[in-house]
Amino acid sequence: MKRLFSLFNVVTLLLLIAAYTAYQTVQKPPAKPDAPKLQLAQQRDVKVKVYYSDAQVQSMKAETRTVQVTQENPGALAQAALNAWAGGPSAAGNLAVVPKGTAAPRVYIRGAHYFVDLPSAYLNLKYGSGGHLMLLCTLTRTLLETRGADVTFLVNGQDVETLGQLDLREAFTRQDCADQ
């Protein structure tokens, strides 16, 4: 008669138990992770200079506005300034350059160059060349107030040659809008 508890039978039984335990462990659903604790970033008030038109659409008027940003990097400051610009002026005698409720353009930075992505609604503004120039120059002066070399304008993320009768193939600089 053969022995029931031979070395081979004991080792085989232990391997079988280990395999069954491993199989049961693998089949368990993973534990649900805890949801991350969301923390709102601290917003800081920062003063920016925003340009609007005078009532005759002949010159630009600057307003110092306080905007809230979570980061004080150039991109966040530029976008906050354009959001304030699109919101319109707060001082009497200054004229908003875009109609109330018009979306603010998106701004992107690469080195010392700004890229302003205008919404397609800006193409439908019924301005003359002076109105379009005032629109682009108030944006340019607002962005280049503290830093940057030039501003390139896009519409819906695409290069466009003109806005109304104004040529957009070249970037706008401070000097292009100095006499407005």
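**Briefing on a predicted chain of three helices and nine strands**

Strand E1, which spans residues 44–54, pairs with E3 in the antiparallel sense, and two bridges hold the pairing. The model described here is predicted, and the chain in it contains three helices and nine strands in total. With a radius of gyration of 31 Å, the chain departs from the value near 16 Å that a compact globule of 180 residues would have. The points below take up the overall form, then the sheet built around E1, and then a few individual residues.

**Overall form**

- Along the sequence, the helices and strands of the chain follow one another in the pattern α-β-β-α-β-β-β-α-β-β-β-β.
- Taken along the principal axes, the box filled by the C-alpha atoms of the chain is roughly 115 × 35 × 30 Å, and the radius of gyration of the chain comes to 31 Å.
- Of the 180 residues in the chain, 33% are buried.
- When contacts are limited to residues at least 6 apart in sequence, 61% of those in the chain join residues that are at least 24 apart.

**Surface and charge**

- The area that the chain exposes is about 12000 Å², of which carbon and sulfur atoms supply 56%.
- The side chains of the chain include 18 that are positive and 14 that are negative, and the centres of these two sets lie 18 Å apart.

**The sheet of E1, E2 and E3**

- Three strands form an open sheet in the order E2-E1-E3, and the pairing in this sheet is antiparallel.
- Strand E2 (60–69) and strand E3 (94–95) are the edges of this sheet, and because each has a single partner strand, one side of each is left without a neighbour in the sheet.
- Strands E1 and E2 run antiparallel and are joined by 10 bridges; among the residues involved is Val48, whose bridge partner in E2 is Arg65.
- On the E3 side, where E1 and E3 pair over two bridges, Asp54 stands opposite Asn94, and Ser53 has Leu95 as its bridge partner.
- The hairpin of E1 and E2 has five residues between the strands, and within it Val57 takes a positive phi near 55 degrees.

**Loop residues with positive phi**

- Val57, located in the loop between E1 and E2, has a positive phi of about 55 degrees although it is not a glycine.
- The relative accessible area of Val57 is 35%, so this residue is classed as partly exposed, given that the class runs from 20% to 50%.
- Asn156 also is not a glycine and has a positive phi of about 55 degrees; its place is the loop between strand E6 (150–155) and strand E7 (158–159).
- Asn156 has a relative accessibility of 48% and therefore counts as partly exposed, the limit for an exposed residue being over 50%.

**Gln79 in helix H2**

- Gln79 belongs to helix H2, which covers residues 74–87.
- Because its relative accessible area is 11%, Gln79 is buried, a class that requires a value under 20%.
- Leaving aside residues up to four places away in sequence, Gln79 touches Pro105, Arg106 and Val107.

**Ile109 in strand E4**

- Ile109 is placed in strand E4, which is made up of residues 106–110.
- With a relative accessible area of 31%, Ile109 is partly exposed.
- If residues up to four places away in sequence are not counted, the residues that Ile109 touches are Pro74, Gly75, Tyr114 and Arg147.
- Ile109 and Val151 are separated by 42 residues in sequence, while their C-alpha atoms are 9.3 Å apart in space.

Key. Residues numbered from 1 in each chain as written. Predicted model: local features only at pLDDT ≥ 70, side-chain atom pairs only at ≥ 80, totals over all residues. Heavy atoms only, no water. Helix = DSSP H or I, 4+ residues; strand = E, 2+ residues; numbered from the N terminus. Rg over C-alpha atoms; globule rule 2.2 N^0.38 Å. Buried < 20%, exposed > 50% of the residue type's maximum accessible area, 1.4 Å probe, protein only. Contact = heavy atoms within 4.5 Å. Areas by Shrake-Rupley, 256 points an atom, 1.4 Å probe, with all protein chains shown as cover. Lys, Arg positive; Asp, Glu negative; His and termini not counted. Charge placed at Lys NZ, Arg CZ, Asp CG, Glu CD. Pairing = 2+ DSSP bridges.
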